[in-house]
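Subject: Structure for you to look at

Hi,

Here is the structure I promised to pass on. Please open it and keep it beside you while you read my notes.

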Amino acid sequence: FAQLGLAVWIHIVAGIMWVGLLYYFNVVQTPALAEARADSGGPGVAGIQRYVSPRALRWFRWSAVLTWFTGVWYLGRSGNLISAVTLGHLGREYYGLIIGVGAWLGTIMLINVWAFIWPNQKKILGLVSADEAERASAARTAALVSRINFVLSLPLLLCMGGANHALPF
């Protein structure tokens with residue numbers, strides 16, 4: 001029981017960090033950087049990209065990994081992993097269906113972070129060499145996939161809470 005409780009609390013804290021940073025990037029930083037670029041006398045965009053973005057992205061991607069692994073840990077230890085993976089044996093079991101949809105959404109979001117967002121952010125931040133066209137393409141891809149994760153986070157959160165506390169519909 002203690003391991004289940006530990007898994008749940010680490011999962012919650014890591015998930016708050018991951019989704020909180022996702023919201024920060026989409027709601028705060030990206031619009032602020034666009035405004036700063038448009039304001040020629042405004043604050044330096046380079047400073048944010050040099051000092052804030054790499055640190056925030058490090059916490060973002062590793063909290064995603066920790067959230068995912070503690071979710072698997074919890075589902076495995078509680079005996080619900082197979083039910084979640086099979087979506088409640090294709091809808092016959094409420095908890096497995098709802099937590100399974102949430103788990104699959106989280107898995108898609110994790111893949112998006114590591115396969116699309118982070119490789120493109122490395123080009124944007126100059127951690128990987130890329131010409132201007134490649135950086136522009138990387139910025140579009142990273143922004144689009146980040147928006148997809150932002151949208152997926154809403155049903156993900158509904159599923160995570162709704163599996164134990166009922167969905168609002």
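The second largest pocket holds about 480 Å³ of space. Keep in mind that this is a predicted model. In all, 24 residues line that pocket. Thr30, Leu33, Gln121, Ile124 and Ala139 are the ones nearest its centre. Four helices, α1, α2, α5 and α6, each give at least two residues to the lining. Sorted by class, this lining has 13 nonpolar, seven polar and four charged residues.

Now turn to the largest pocket. Its volume is about 780 Å³. Its lining is made of 29 residues. Look for His11, Thr67, Gly71, Ile99 and Met160, which lie nearest the centre. Two or more lining residues come from each of α1 (2-38), α2 (45-77), α3 (81-85), α5 (94-124) and α6. How many of the lining residues of the largest pocket are nonpolar, polar and charged? The split is 19 nonpolar, ten polar and no charged.

Next, helix α6. It covers residues 132-165, which makes 34 residues. Does its length fit, and what span should we expect at 1.5 Å a residue? The expected span is 50 Å, and the end C-alpha atoms are 49 Å apart, so the two agree. Still, α6 has a kink of about 30 degrees at Ser153. The proline Pro155 comes shortly after that kink.

Check both ends of α6 too. At the start, a side-chain oxygen of Asp131 comes within 3.1 Å of the backbone nitrogen of Ala133. After the helix comes Ala166, with a positive phi near 70 degrees.

Which residues of α6 are buried? Going along the helix, they are Ala138, Ala142, Val145, Ser146, Asn149, Leu152, Ser153, Leu156, Cys159, Gly162 and Ala163. Note that Ser153, where the kink lies, is among these buried residues.

One last residue: Glu35, in helix α1. Is Glu35 buried or exposed? Its relative accessible area is 59%, and the cut-off for exposed is over 50%, so Glu35 counts as exposed. Now find Trp18. Glu35 and Trp18 are 17 residues apart along the chain. Their C-alpha atoms are separated by 25 Å.

Best wishes

Definitions and conventions:
Residues numbered from 1 in each chain as written. Predicted model: local features only at pLDDT ≥ 70, side-chain atom pairs only at ≥ 80, totals over all residues. Heavy atoms only, no water. Expected span 1.5 Å × (residues − 1). Bend = angle between axes of the 7 residues up to and from the residue. Buried < 20%, exposed > 50% of the residue type's maximum accessible area, 1.4 Å probe, protein only. Polar contact = N/O pair within 3.5 Å; in protein donor to acceptor, adjacent residues only side chain to side chain. 1 Å grid on protein atoms, 1.4 Å probe; cavity = no way out; pocket = protein on both sides within 12 Å on 5 of 7 lines; lining within 4 Å. Points joined across faces, edges and corners; volume = space filled by probe spheres on them. Nonpolar A, V, L, I, M, F, W, Y, C, P; charged D, E, K, R; others polar.
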